[in-house]
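Thank you all for making time this morning. I would like to walk you through one structure, slowly, and I will ask you to keep the display in view while I talk.

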Amino acid sequence: MMNENMMQDKVADAPSDNWVYRVLPRSAWPHAQLARWDRPIGWQLLLWPCLWAAAMAVNANDAALSDKLPIFIFHCVLFTLGAIAMRGAGCTYNDLIDHELDGKVERTRSRPLPAGRISRKHAKIFIITQLCVGALVLLQFNWFTIFLAIASLGVVAIYPFAKRFTDWPQFFLGLAFSWGALVGWSAVFEEVSFASLSLYVAAVSWTIGYDTIYAHQDKDDDALIGVRSTARLFAENTKAWLVGLYAVTLGCLALAFYLSGMGIVPYITLLLVLGLFTWQIKVLDIDDPDQCLSLFKFNSKIGFVIFIGLVIGLFVS
């Protein structure tokens, strides 16, 4: 059990039984919190479009399964390591930009920078460390994929400022978070195809949807300090917008599967995803912050379902 002093050193919306607080020395907690290691949902959601694209690409590859399966597994490992490193770097960068704003929001004022548990200098050093890990992962891919991944950094740099100049910061998050849909495909084919572009649009729409749900947690504080979001923009019409966003997601996923020559299994999986999206929209209460967080996290399970459908499709034509 944590004593009261130790509880003050954790982030308010992170589970106290997370491995970070059980395994890492207390001096390392602020770094882990900056990288969101105590809240893995972020890197999981970043990872799924990468894995979808990798699985879709290996399905579309004409090589023998025995030849392409080891490469697929290797790519999945690389994408997982890269997602953890780059999500951590992105969150650290975001916290540096939002240092003062985070101190004004109930849910974020316990983060290490506004709480004073780490200096800006050490946070910047930590960003560089994580970027170096991401670079080592990236160098395992072909040159087209390397340059394609680097191109995403422009969108990543803009995102923390988006809530200051647009009601659609979730769109910019979607552009950044979905880039793996392009990278996962190019890692195999060294190009961007219409199939991967369709997958990218699906992931962007999905991200806008789930992050709108997430943003409803902070809408009252955001209104007070002038931060904009699709949660505030959609307001009471959020469910209607989610219907449209998730319809685009499903439609573009189906188109991506068609363009890449998928078998029947991934399409069957989309019927299950349709049911999960429908349930999510039906039960959503935008005025219940705890439920919004829970439904936001549930989207990782949806990403997993799509991925498993593609993996099964490797073995079932």
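I will go through the nonpolar cores, then a pair of packed helices, then the salt bridges, and finally a few single residues.

Before anything else, please keep in mind that what you see is a predicted model, and that every value I quote has been computed from it.

Let me begin with the interior. The largest nonpolar core takes in 76 residues, and the members with the most contacts inside this core are Trp-52, Phe-72, Phe-79, Trp-206 and Phe-307. If you ask which helix gives the most to this core, the answer is α4, which spans residues 41-60 and supplies 14 residues. There is another core, which lies apart from the largest one and has 8 residues, including Leu-34, Ala-35, Leu-113 and Phe-126. As general background, nonpolar side chains in soluble globular proteins tend to be buried together.

It is worth pausing on Trp-206, so which residues does Trp-206 touch, if we do not count those up to four places away in sequence? Among them are Leu-45, Trp-48 and Trp-52, and the set continues with Tyr-246, Thr-249, Phe-277, Asn-299, Ile-302 and Gly-303.

Now to the helix pair. Helix α5, residues 65-97, packs against helix α9, residues 153-165, at an angle of about 35°, and the two axes lie 10 Å apart; the crossing of α5 and α9 is right-handed. On the α5 side the contact is made by Met-86, Tyr-93, Asn-94 and Ile-97, while α9 brings Leu-153, Val-156, Ala-157, Tyr-159, Pro-160, Phe-161, Lys-163 and Arg-164. Sorted by class, this contact of α5 with α9 has 9 nonpolar residues, 1 polar residue and 2 charged residues.

That brings me to charge pairs. How many salt bridges does the structure hold? There are 7, and I will describe three pairs in some detail.

In the pair of Asp-95 and Arg-36, the side chains meet with an N to O distance of 2.8 Å. Asp-95 sits in helix α5, whereas Arg-36 sits in the loop between α3 and α4, so this salt bridge ties together parts that are 59 residues apart in sequence. Are these partners buried or exposed? Asp-95 is buried, at a relative accessible area of 1%, and Arg-36 also counts as buried, at 7%.

The next pair is Arg-228 with Asp-167, whose closest N and O atoms are 3.0 Å apart. Arg-228 belongs to the loop between α13 and α14, and Asp-167 to the loop between α9 and α10, so the pair links parts that are 61 residues apart in sequence. Here Arg-228 is partly exposed, with a relative accessible area of 29%, and Asp-167, at 27%, is partly exposed as well.

In the remaining pair, Asp-287 forms a salt bridge with Lys-219, and the closest N and O atoms are 2.9 Å apart. Because Asp-287 lies in the loop between α16 and α17 and Lys-219 lies in helix α13, the pair ties together parts that are 68 residues apart in sequence. Asp-287 is exposed, with a relative accessible area of 55%, whereas Lys-219 counts as buried at 16% relative accessibility. Salt bridges that share partners also join Arg-36, Asp-95 and Arg-111 into one network.

Arg-36 deserves a second look for its backbone, since its phi is near 65°, a positive value in a residue other than glycine. Glu-190, in the loop between α11 and α12, likewise has a positive phi, of about 55°, although it is not a glycine.

I will finish with two buried helix residues. Ala-187 is found in helix α11 and is buried at a relative accessible area of 12%; leaving aside neighbours within four places in sequence, Ala-187 is in contact with His-75, Phe-79, Phe-141, Asn-142 and Thr-145. Ala-187 and Ile-146 are 41 residues apart in sequence, and their C-alpha atoms are 8.9 Å apart in space. Gln-170 lies in helix α10 and is buried, with a relative accessible area of 5%. Again not counting residues up to four places away in sequence, Gln-170 touches Ile-208, Asp-211, Thr-212, Ala-215, Ser-229 and Thr-230.

Note on methods
Residues are numbered from 1 along each chain as its sequence is written. This is a predicted model: local features need pLDDT of at least 70, side-chain atom pairs count only at pLDDT 80 or more; totals for chains, interfaces and linings use all residues. Side-chain values use heavy atoms; hydrogens and water are left out. Axes are lines fitted to C-alpha atoms, for helices over the stretch in contact, and angles run from 0 to 180 degrees between N-to-C directions. Helices (H or I, at least four residues) and strands (E, at least two) are DSSP runs, numbered from the N terminus. A crossing is left-handed if the near helix is turned anticlockwise from the far one by less than a right angle, and right-handed if clockwise. Contact means heavy atoms within 4.5 Å. Ala, Val, Leu, Ile, Met, Phe, Trp, Tyr, Cys and Pro count as nonpolar, Asp, Glu, Lys and Arg as charged, and the others, Gly among them, as polar. A nonpolar core is a set of buried Ala, Val, Leu, Ile, Met, Phe, Trp, Tyr and Cys residues joined through side-chain atoms within 4.5 Å. Buried means under 20% relative accessible area, exposed over 50%, partly exposed in between (1.4 Å probe, protein chains only). A salt bridge is a side-chain nitrogen of Lys or Arg within 4 Å of a carboxyl oxygen of Asp or Glu.
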